[in-house]
Amino acid sequence: MNIDNIPVIDSHCHFFNMEYMQINFSKLLSLSLEQWDDDILKETLFYKRAIRDLAIAYNVNIDEKVVLQTRETLCQQDYKSYVKMLFDKANIKGMIIDIGYKPAKVDLNDFKQFAPVEVKYVYRIETLIDDYWNKRWNFDDAREHFLTTLEKEVKNGVIAFKSIIGYRTGLDIDILSEEDARRLYNNNDDEKSFRDFFFNETIRICRKYNMPFQVHASFGESNVNLLKNNPLLLKRILDAEEFKEVKIILVHGGYPYSFEAGYLAAMYPNVYLDFSEMIPWITFDAKSAIKKVLDMAPFNKILFGSDGFICPELYYLGAYWGKKLFSEIIDELVSERILTETEGYELASKIFYKN
């Protein structure tokens, strides 16, 4: 099924450069924070597939040197037009950006003017909590500053909050009273309880303003402990009555725990997920992972995202590969007489922009 004309809202991504900068493309396509030789980094499916499909986008021969030189020429000629060309090809219409991770140094207002699509922002709470913990703020001062800052960000127009607590102390999050959190912090210097408390406070702010809460719940860079990022670890939070009104979005679809993420979306009305990062980073298993999600999760609770950053090609490839993958999945569903073609097209429309 051809779904190329379906619009795309990238529900989870980061900033890209507003000015053309020469980059090591092979390094950019690796999630490892370690030092690698370029020759090794280029021996990945992601890199070879990216070169191939950028050649198609540029309408040039599928040759690494030709593709990289063509990219260089197009960017140097008119970088802003180059970005628009890629976004138009993928029919990307909007971006929801986590402003807490700034691999590209940009001004928020300037970026909105530069981007060829509508832009909305998400505030990452670890921007604050990391500083509180590392500098050992007074607990009451930290709480007051935290709540004041989140209220200010709501007024500034952020549309959601996000946590990467999985990168820090994991997703097995306790629900603590203010008194217990203060005592554990002051007496035991307990990092987990400290971060858990502010995670819970964020959910309460989200409930107050009817805002979604994005939670990293999957693989990531080499500094994440996958064993502590299974979304099933969030069950204590999801079972809490006081949090059931808040939409919680499992970022990156829980991968490699994709069935678990889909299961949670099927069991809890307030749980949603996106499949950013697994597309474009996973080549073979992305289809299998999304099938596991679709086996359980309602169609209107799944969102497209790229997790793109630094360079515009990642957003393009995420949307391009995402549509290719979903067209194959829809073909299977139609051929198995599970969905009609109309229902398959509607499924893709919901995931890529309606949801």
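R204 is partly exposed, with a relative accessible area of 21%, where partly exposed lies between buried (under 20%) and exposed (over 50%), computed with a 1.4 Å probe and protein chains only. This is a predicted model, in which local features need pLDDT of at least 70 and side-chain atom pairs count only at pLDDT 80 or more, while totals for chains, interfaces and linings use all residues. Residues are numbered from 1 along each chain as its sequence is written, and side-chain values use heavy atoms, with hydrogens and water left out.

The salt bridges described here (a side-chain nitrogen of Lys or Arg within 4 Å of a carboxyl oxygen of Asp or Glu) include the following.

| Salt bridge | N to O distance |
|---|---|
| R204 and E242 | 3.2 Å |
| R207 and E242 | 3.9 Å |
| R52 and D53 | 2.5 Å |

The pair of R204 and E242 links distant parts of the chain, 38 residues apart, with R204 in helix α10 (residues 191-209) and E242 in the loop between α11 (235-238) and β6 (248-251); helices here are DSSP runs of H or I with at least four residues, and strands are E runs of at least two, numbered from the N terminus. R207, also in helix α10, is 35 residues from E242. R207 has a relative accessible area of 32%, and E242 one of 29%. Salt bridges that share partners join both arginines and E242 with D140, R143, E178, R182 and E201 into one network.

In the pair of R52 and D53, R52 is partly exposed at 41%, whereas D53 is buried at 4% relative accessibility. A search of the whole structure finds 32 salt bridges.
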